[in-house]
Amino acid sequence: MKELVLFTVKSCVHTENCFVPISEIIAVEEREFNKKQRNIGRWQKMAKLHAFTVYYVKRARNHRWRCSDVTFWCVDEHLCNQWTQALKESLEMQKSRPKQLLVYINPYGGKRQGKRIYEQKVAPLFNLASISTDVVITEHANHAKDNLFEVNIYKYDGVVCVGGDGMFSEVMHGLIGRMQKDSGIDQNNPKASLVQCNIRIGIIPAGSTDCICYSTVGISDPVTSALHIIVGDCQPLDVSSVHHNNTFLKYSVSLLGYGFYGDILKDNSEKKRWMGPMRYDYSGFKTFLSHHYYEGTIAYQPAKRTHGSPRDKESCRTGCYICKKSEKQLAEQTKEHGLKHEEGEEEWKVIKGKFLAINAVNMSCACPRSPKGLSPAAHLADGSADLILVRKCSRFDFLRYLVRHTNQDDQFDFPFVDVYRVKCFQFTSKLSEDNESNVMDIGKKRFGQFCRDHPACCCNIVNSTWNCDGETLDSSAIEVRVHCQLMKLFARGIEENCKDEAACSQSSIEQLL
């Protein structure tokens, strides 16, 4: 009973065997038997029937989860009560499941459907699973972030954000910032070892872009995400801290992009929001035609302790062994050194050049348009980021590189593209001021920048902008450090696809029998 439930659903059409782990049962409810349901001859001879319904997770295609149910009838009231009680006790033993959640809803994000999505699709499931919630409708930017510094977050089993990637970023900054404040950690110190945040964050996608949800669950679907929260899934996640001159700027969990992706964000202003998701296509096309490149210096420390490489085609999936090894190493390091930061012995490597794009990703950054993402082999919780450098090349070659994001070809197989797995890096543009270039003695003297293929043009762009998870950074010179498994999500990573789910289910049952 503690491990699985095996039952048979029969109807006049088919018989289906269902294997359901206890961990994926949502709720058990006693039912009153409706006499109108007694349409089978043998039931009509019985005086009274007793019933209970089991609600459970049912997998559909493309990582989609749905809440399904099956009702059991029994003439023996005592036996029915025994089953109901045993199942409820087994669910109570699932300690990872949340009982009380703090929910933030952004009513303005995406298509302004966040409140409706939560009330119609998510709240009924939370009620079914007996999860109590405190709901906050955000009224302005940073409302959730500021509120997390005031509320008693320790009485909650998790924080849920309903919105897009921007809403998640706001909740993440508030939660991590609160943890550091309560622990006396100075976030402005780029070398500080940050305290892990053990309060999980759940993401109910309701925005224009839901990259983080897509990369950690496999689909942007509110019901699927709600079910992952209910069953108490836990997925550790690496977080990168971004500093400038010993001043904390932002946290990043997906993309840090300079050049192409920074310019897209710079062009994609609030004035274009009326265009909806089309504004990204418009800005992307416009940025591609401008073909700006930027000259600068990058210094990085390789992630030598991390297993795997950006080009080994080992995608991060549920139960990823690479992330598990990093988790074990992190536990051993914490036990040995505590919160004290252990400086690596690896030497810094320096690269100077002219770049169309500089991207650092903590995850694949997969999305419906780019199913493999910017770095298909990037891992969610291995303590590293993949640093992708796209050097100056022709428009045609750059287009070939961009197209690779939408197909199965190796997107790093170009002479003008380099990728490194790093644990920290620093960047200084050639137009940075002297006082912005004092990191690692890089770029201490000032020099010019070439920004176009045609130097004769009159260019007004002096620097690109860093795109930090969809938000701009004011400084071009930054220092980035990856913090291994700093936070946790209500997710389990992307599960392996099963080509024939019915066959897989039948195979599992046959093995059990």
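The paragraphs below lead from the whole chain to one pair of helices and then to a single covered helix.

This is a predicted model, and its chain holds 12 helices and 19 strands. Of the 513 residues in the chain, 53% are buried, while the accessible surface comes to about 25100 Å², with carbon and sulfur atoms accounting for 49% of that area. The contacts also say something about how the chain is connected: among those between residues at least 6 apart in sequence, 77% join residues at least 24 apart.

A pair of helices can be followed in detail. Helix 3, which spans residues 114-128, packs with helix 7, which spans residues 222-230, at an angle of about 30°, and their axes are 10 Å apart. Because angles under 35 degrees count as roughly parallel, helix 3 and helix 7 are described as roughly parallel to each other. Their crossing is right-handed. On the side of helix 3, the contact is made by Ile117, Lys121, Val122, Leu125 and Phe126, and these meet Pro222, Val223, Ala226, Leu227, Ile229 and Ile230 of helix 7. Sorted by class, the contact of helix 3 with helix 7 has 10 nonpolar residues, one charged residue and no polar ones. The spacing of such residues can be read against a general rule: an α-helix has 3.6 residues a turn, so residues three or four places apart point the same way.

Another helix worth locating is helix 8, residues 260-267, which is mostly covered, with seven of its eight residues buried. The buried residues in helix 8 are Phe260, Tyr261, Gly262, Asp263, Ile264, Leu265 and Asp267.

Methods:
Residues numbered from 1 in each chain as written. Predicted model: local features only at pLDDT ≥ 70, side-chain atom pairs only at ≥ 80, totals over all residues. Heavy atoms only, no water. Helix = DSSP H or I, 4+ residues; strand = E, 2+ residues; numbered from the N terminus. Buried < 20%, exposed > 50% of the residue type's maximum accessible area, 1.4 Å probe, protein only. Contact = heavy atoms within 4.5 Å. Areas by Shrake-Rupley, 256 points an atom, 1.4 Å probe, with all protein chains shown as cover. Axes fitted to C-alpha atoms, helices over the stretch in contact; angles between N-to-C directions. Parallel < 35°, antiparallel > 145°, perpendicular 65-115°, else oblique. Left-handed = near helix turned anticlockwise from the far one by under 90°. Nonpolar A, V, L, I, M, F, W, Y, C, P; charged D, E, K, R; others polar.
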